[in-house]
Amino acid sequence: LIEMRKAAFEEGIWLPHMPKEWGGMELGHVAMAMVQAEAAKSYYGPWVLNCQAPDEGNMHTLLHWATDEQKEKYLPKIATGELICAYGLTEPSSGSDATEAKTTATLTDDGKHYILNGEKVFITNGGLAGLFTVFAQVDGNKFSAFLIESGTEGFTIGAEEKKLGMKGSSTTALIFQDAKVPVENLLYEVGKGATIAFNCLNIGRFKLGCSCLGGAKMVINAAAPYAKERKAFGTTISKLDAIMKKIGEMSVRTFATDSMVYRTIGLLQNEINALDKNDPKYYIKMGKAMEKFAIETSMVKVYCSDTSHDVIDEGLQIFGGYGFLEEYPIASAYRDDRINQIWEGTNEINRQIITGFMMKKALTEELPIRDGIRGIEEYMSNGELKLDDDTLKNECQTVETAKRLALFIFNEALCQYGQDLRHEQQLTEILSDIFTEIFTAESTIVRAKKIMASKSKNPIVVDIAKVFTTEMVDRIMSKVQIANVAIFDEGESPLLDQKLSEFENRMRLKNNVIKLKRKIAQHVFDENKYPF
């Protein structure tokens, strides 16, 4: 692991967005996403990225919230890979609900140390790290963060966990029994632990999405050549329509994931670029900028991890019995991937975050939901998008209509439940999935249009956008019907049903997705890899 860190540093891909003043290359967050996704395409990618993630988290935490002395002490060593880090947030009784942690921190009478007692679990790099960011309750209810070095008195490392996957990484518990932590190792301020933790989780969720994206591409890169070589029924299985369907769908889903990932990081980078680097609070403001994209980063985490799960599953199916054997590349990927829907906040929790933040924005009128509702009738009557060109014109109209349908059903849910909507978790999951589908479809269309407007035109991307948007309508309408019945449990409403039918009729697309999936699959086979 140490040698791989050194090699990554020498190649300039170890934490590429670390500021130059601390020994990094300061390439920005887009470069970070590219490195993350490309590294994940390697056979060793999941292992390397899993081990690197806590270093990334600690780097961001220190940059945004640490004192100058803390930065000077730790960041240069993190930048070179010399100092291995870990993040101590999860506890036996608290996972995604991290602020309910039971670990305590008590200030000594002389004010020179905090005494920590408690336990953290599932800590990546736990058995290797020299620096730990650990969260504890000060005075019983002030959730706070501390920098703790290995070897600290009263701090011990638990045994290595035996895991289903990610076997190359260290995972242990952290045990604190009257651990004596210098007061200067407090991060930021007492009671600001949630700000630090959630900021780190936001960037962690995004980076996890990048890794899942790379993993999906890696599987397609393995499955396409295999399908061209493997013979059955007198031909290679790449000629079988069922296999073409799989490769086509895997590629559509991966392209859509690719599109939402880079759209999200582009939005964040634009926000950071608008900050004044000479501002003394530049890094704090950079950290807070991430909060503005909590919805998008949760969408990335959920959609990307679900995508890699589905793509890897289909990839293994293409390999058939050989996919179940460890000497082939899919078996380990299948095992390693399963954790992605759990860590950095489970997908269930992230779906609640998506709808929860949308509720907050609507109820505080940061999201102009009233104006949006008033504009639906006019749009449905005569609304027509004005586009620069006709590329994917119908698909653009579908997405715009889907936005208004989502707003309509979201408003109906808010009117019915008010703030109690957050307790209707099955319903909020449906709303979250609808929001995510629309964001992903729009990202896919925008990317396809940009490719077609560039010097490197590739008509296949138009086919991909058509398939994704056409099938999105089926997925959304299925969820809308379930939500509709749940919201209006008292009985049928002919007027409402007519309204939903109007939305659906306007959203429906007449694209031959079977034919398009064959074209997409053939393009992948011709390139012998994921080609985008």
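Trainee: Why is Lys499 called buried?

Mentor: Lys499 has a relative accessible area of 17%. Buried means under 20%, exposed over 50% and partly exposed in between, with a 1.4 Å probe and protein chains only. Since 17% is under 20%, Lys499 counts as buried. A word on the background: this is a predicted model, where local features need pLDDT of at least 70, side-chain atom pairs count only at pLDDT 80 or more, and totals for chains, interfaces and linings use all residues. Residues are numbered from 1 along each chain as its sequence is written, and side-chain values use heavy atoms, leaving out hydrogens and water.

Trainee: Where does Lys499 lie, and what does Lys499 touch?

Mentor: Lys499 belongs to helix H15 (residues 494-507). Helices (H or I, at least four residues) and strands (E, at least two) are DSSP runs, numbered from the N terminus. Leaving aside residues up to four places away in sequence, Lys499 touches Glu377 and Phe408, where contact means heavy atoms within 4.5 Å.

Trainee: What makes Glu395 count as buried?

Mentor: Its relative accessibility is 3%, and Glu395 sits in helix H12. Among the residues that Glu395 touches are Ile445, Lys466 and Asn511.

Trainee: What is notable about phi of Leu392?

Mentor: Phi of Leu392 is near 55°, a positive value in a residue other than glycine. Most residues other than glycine have a negative phi. Leu392 is found in the loop between helix H11 (369-382) and helix H12 (393-417), and Leu392 is buried, with a relative accessible area of 5%. Asp178, in strand E7 (residues 171-182), also has a positive phi, near 55°.

Trainee: How do you know that Phe132 and Phe155 form an edge-to-face pair?

Mentor: Rings of Phe, Tyr and Trp (its six-membered ring) pair if their centres lie within 6.5 Å; planes under 30 degrees apart count as stacked, over 60 as edge-to-face and the rest as tilted. That rule gives a count of 15 aromatic pairs. For Phe132 and Phe155 the centres are 5.0 Å apart and the planes meet at 90°, so the pair passes on distance and counts as edge-to-face.

Trainee: Which parts does this pair tie together?

Mentor: Phe132 lies in strand E4 (residues 131-138) and Phe155 in strand E6 (residues 155-157), so the pair joins parts 23 residues apart in sequence. Both rings belong to buried residues.

Trainee: Why is the pair of Tyr303 and Phe468 edge-to-face?

Mentor: The planes of Tyr303 and Phe468 are at 70°, with the centres 6.5 Å apart, so the pair is edge-to-face. Tyr303 is in helix H8 (residues 294-319) and Phe468 in helix H14 (residues 460-487), so this pair ties together parts that are 165 residues apart in sequence.

Trainee: What makes the charged end of Arg447 sit over the ring of Phe255?

Mentor: The rule asks for NZ of Lys or CZ of Arg within 6 Å of the ring centre and within 35 degrees of the ring normal. The charged end of Arg447 is 4.1 Å from the centre of the Phe255 ring, so the distance is met. Likewise, the charged end of Arg506 sits over the ring of Tyr379, 4.4 Å from its centre.
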